[in-house]
Structures are given as structure tokens and as C-alpha cells.
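Dear colleague,

I am passing on the structure below, and my notes on it follow. Please read them with the model open beside you.

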Amino acid sequence: MLYIQNNLPKLWNKLTIRIQYQGRLLNIEYTQNNTKVTIISGDPINIVVNGVKSTVEK
């Protein structure tokens, strides 16, 4: 299971990264108040974001 935790430094407004994980390409956008995960390619995936389990779909 993929665990994502938002630890964005206080001086940063936003950070966007792309990662390849188990055959999926994910876009992860961190802001001070939110963490958004989207699938660019691949099947839905169960992940834990900031301690909350969820399913991400296209």
C-alpha cells in the first residue's frame, strides 16, 4: 500500500510531483491545506493520504 503524507515546508505554497508506482503514473499535488492524488495512467489504486485510506480512479 502506498502511504502519502503532506509535509510541505511552511515557506512553500505548492509542490507537484509525478511518480511511477506499480504500473501507474500518479500526479501528487501538495499545498498547505490539501494533498491531491490523480492517476495519469493505469488502473485505480488504494492508497493512504494523510492517514485516510481512499481509492483513486481516473
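Which residue forms a salt bridge with Lys 14? The partner is Glu 29, and the closest N and O atoms are 3.6 Å apart, where a salt bridge is a side-chain nitrogen of Lys or Arg within 4 Å of a carboxyl oxygen of Asp or Glu. Glu 29 lies in strand E3 (residues 24–31) and Lys 14 in strand E2 (residues 14–21), so the pair ties together parts that are 15 residues apart in sequence; strands are DSSP runs of at least two residues, numbered from the N terminus. A search of the whole structure finds one salt bridge.

This is a predicted model, in which local features need pLDDT of at least 70 and side-chain atom pairs count only at pLDDT 80 or more, while totals for chains, interfaces and linings use all residues. Residues are numbered from 1 along each chain as its sequence is written, and side-chain values use heavy atoms, with hydrogens and water left out.

Turning to the interior, the largest nonpolar core has 13 residues, and those touching the most other members are Leu 2, Ile 4, Leu 26, Val 37, Ile 45, Ile 47 and Val 56. Such a core is a set of buried Ala, Val, Leu, Ile, Met, Phe, Trp, Tyr and Cys residues joined through side-chain atoms within 4.5 Å, buried meaning under 20% relative accessible area (1.4 Å probe, protein chains only). At least two residues of this core come from each of E1, E3, strand E4 (35–41) and strand E5 (45–49). Beyond its neighbours within four places in sequence, Ile 45 is in contact (heavy atoms within 4.5 Å) with residues including Tyr 21, Leu 26, Ile 39 and Val 56.

With best wishes

Methods. Helix = DSSP H or I, 4+ residues; strand = E, 2+ residues; numbered from the N terminus. Buried < 20%, exposed > 50% of the residue type's maximum accessible area, 1.4 Å probe, protein only.
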